[in-house]
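Thank you all for coming. I would like to take you through one structure this morning, going from its aromatic contacts to its enclosed spaces and then to a few of its helices and loops.

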Amino acid sequence: MFPFSKLLSLLLAVTVELILGSCGSTGSAPPLLPESDETPAQAQEAPDEPAASPAGELSVTEGTETYRGFLMDNVLHAPEGDIHYHIYIPDSYDGSTPYPLYLTLPGYEGLYFQGVGEDLYSEDFAFAALDHDAEMIVAAPQLSDWGETSAEQTIALTEYLLDAYNIDPDRVYANGYSGGGETMSLVMGMRPDLFTAYLHCSSQWDGAYEPVVEARVPVYLVIGEDDEYYGSEPTRAAYDRSYALYQEAGLSEEEIGRLLVLDIKDADYFREGGALDQHGGGGLFARDPQIMGWLFSQ
């Protein structure tokens, strides 16, 4: 009679052999992959995508209304935030010829939270520029403050316009009035290389001086002698500081005079222009042929 203990051992051995034969000696077999022309590595790892360029991050929502030739409230969607601006493109512009570019930054009354278009409704700089050169692209940013945020947005908008349109890089002009002048002085201290000349109206200089002097960008400083908001001393101080830096750089008085102008207007200037006060009367500078003529002759 076959011993029961041996029979049990035999049955256990057969069972183990069957299990190992079906599963393999190193564990269970990997699951089958679906049929594909890709290798397993290709199926598991997607190829690296090229990094998006800064220009690829920008898009524009165009406005739908016009005012005196300006397409109103376009929005540049940029890393610096949504940038609202109005723009005038001459009918003659077709991209084949470089055009000048002019940016005008308004005072407090024209900022975006005051209402869409209030900058163009309350100031004349954008329209007066076209009297000097009708074949010019004019941009009127309508920003939300007069500090670094708006300065960075102004730079981003300027770079976008230089890339989006055929602009003559030797004819890029700007002005800033009141709070807009504070913003533009910051811009000039950051990126003076973007501009050919700058008109600083009824304001104070908040930006750096050295980069402007090093870049040799012509600057015209104009304000009322008794400006009710700023007074004229901050403007005189900005002129004196810039003048001293040019002297340290070895420039002659004549050379400095071509790069730096101080224009302090007396009470008669505003009275004769029909202005009720000197700060608000800074809007007269837009129609002054000497002042605007200087800007666009650079």
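Tyr67, Phe70, Tyr88, Tyr121 and Phe127 come together as one aromatic cluster, and I should say at once that we are looking at a predicted model. Phe127 has a further partner, since the charged end of Arg68 sits over the ring of Phe127 at 3.7 Å from its centre. Arg68 itself belongs to the loop between strand E2 (66–67) and strand E3 (70–78), and its backbone deserves a look, with a positive phi of about 50° in a residue that is not a glycine. With a relative accessibility of 49%, Arg68 counts as partly exposed, the cut-off for exposed being over 50%.

Let me widen the view to aromatic pairs in general. Searching the whole structure gives 19 aromatic pairs. One of these is formed by Tyr102 and Phe296, an edge-to-face arrangement with 5.2 Å from centre to centre and 80° between the planes. This pair links distant parts of the chain, because Tyr102 is in strand E5 and Phe296 in helix H11 (residues 289–297), 194 residues apart. Both Tyr102 and Phe296 are buried.

A second pair, Tyr108 with Trp146, has its ring centres 5.8 Å apart and its planes at 70°, and is therefore edge-to-face as well. Tyr108 is in the loop between E5 and H3, whereas Trp146 is in the loop between strand E6 (137–141) and helix H5 (148–164), so that this pair ties together parts 38 residues apart in sequence. Tyr108 is partly exposed, at a relative accessible area of 46%, and Trp146 is also partly exposed, at 38%.

Where do we meet Tyr108 and Trp146 again? They are in the lining of the second largest pocket, together with Glu109, Tyr177, Ser178, Gly179, Glu182, Tyr229, Tyr230 and His279. That pocket holds about 160 Å³ of space, and its lining divides into five nonpolar, three polar and two charged residues.

Ser178, from that lining, lies in the loop between strand E7 (167–177) and H6. Its phi is near 55°, a positive value in a residue other than glycine, and with a relative accessible area of 7% Ser178 is buried. Helix H6 (residues 179–190) follows, with twelve residues and a reach of 17 Å from the first C-alpha to the last, close to the 16 Å expected at 1.5 Å a residue. Why can we call H6 largely enclosed by the rest of the structure? Eleven of its twelve residues are buried, and that is the reason for the description; among them are Gly179 and Glu182, both of which we have just seen in the pocket lining.

Helix H5 can be set beside it: H5 has 17 residues and spans 24 Å between its first and last C-alpha, close to the expected 24 Å at 1.5 Å a residue. The buried residues in H5 include Ser150, Ala151, Ile155, Leu157 and Leu161.

Turning now to the closed spaces, there are three cavities of 30 Å³ or more. The largest cavity contains about 80 Å³ of space, and the residues that line it include Trp205, Tyr209, Val212, Val213, Leu221, Ser242 and Tyr246. Helix H7 (210–215), strand E9 (219–224) and helix H8 (233–248) each supply at least two residues of this lining, and H8 gives the largest share, with three. In character the lining has eleven nonpolar residues, one polar residue and no charged ones.

H7 also carries Glu214, which counts as exposed at 62% relative accessibility. Although Glu214 and Tyr246 are 32 residues apart in sequence, their C-alpha atoms are 8.6 Å apart in space.

The second largest cavity has a volume of about 60 Å³. Which residues line it? They are Thr104, Leu105, Pro106, Asp119, Leu120, Glu123, Asp124, Phe125, Ala126 and Ala140. Strand E5 (99–105), helix H3 (118–122) and helix H4 (125–132) are the elements giving two or more residues to that lining. Here the division is six nonpolar, one polar and three charged, whereas the lining of the largest cavity has no charged residue.

I will stop there, and I am happy to go back to any of these sites.

Conventions
Residues are numbered from 1 along each chain as its sequence is written. This is a predicted model: local features need pLDDT of at least 70, side-chain atom pairs count only at pLDDT 80 or more; totals for chains, interfaces and linings use all residues. Side-chain values use heavy atoms; hydrogens and water are left out. On a 1 Å grid over the protein atoms alone, a cavity is a set of points where a 1.4 Å probe fits but cannot get out, and a pocket is an open set with protein on both sides within 12 Å along at least five of seven lines; lining residues have an atom within 4 Å of a point. Grid points are joined across faces, edges and corners, and a volume is the space filled by probe spheres set on the points. Helices (H or I, at least four residues) and strands (E, at least two) are DSSP runs, numbered from the N terminus. Ala, Val, Leu, Ile, Met, Phe, Trp, Tyr, Cys and Pro count as nonpolar, Asp, Glu, Lys and Arg as charged, and the others, Gly among them, as polar. Rings of Phe, Tyr and Trp (its six-membered ring) pair if their centres lie within 6.5 Å; planes under 30 degrees apart count as stacked, over 60 as edge-to-face and the rest as tilted. Buried means under 20% relative accessible area, exposed over 50%, partly exposed in between (1.4 Å probe, protein chains only). A charge sits over a ring if NZ of Lys or CZ of Arg is within 6 Å of the ring centre and within 35 degrees of the ring normal. The expected span of a helix is 1.5 Å times one less than its number of residues.
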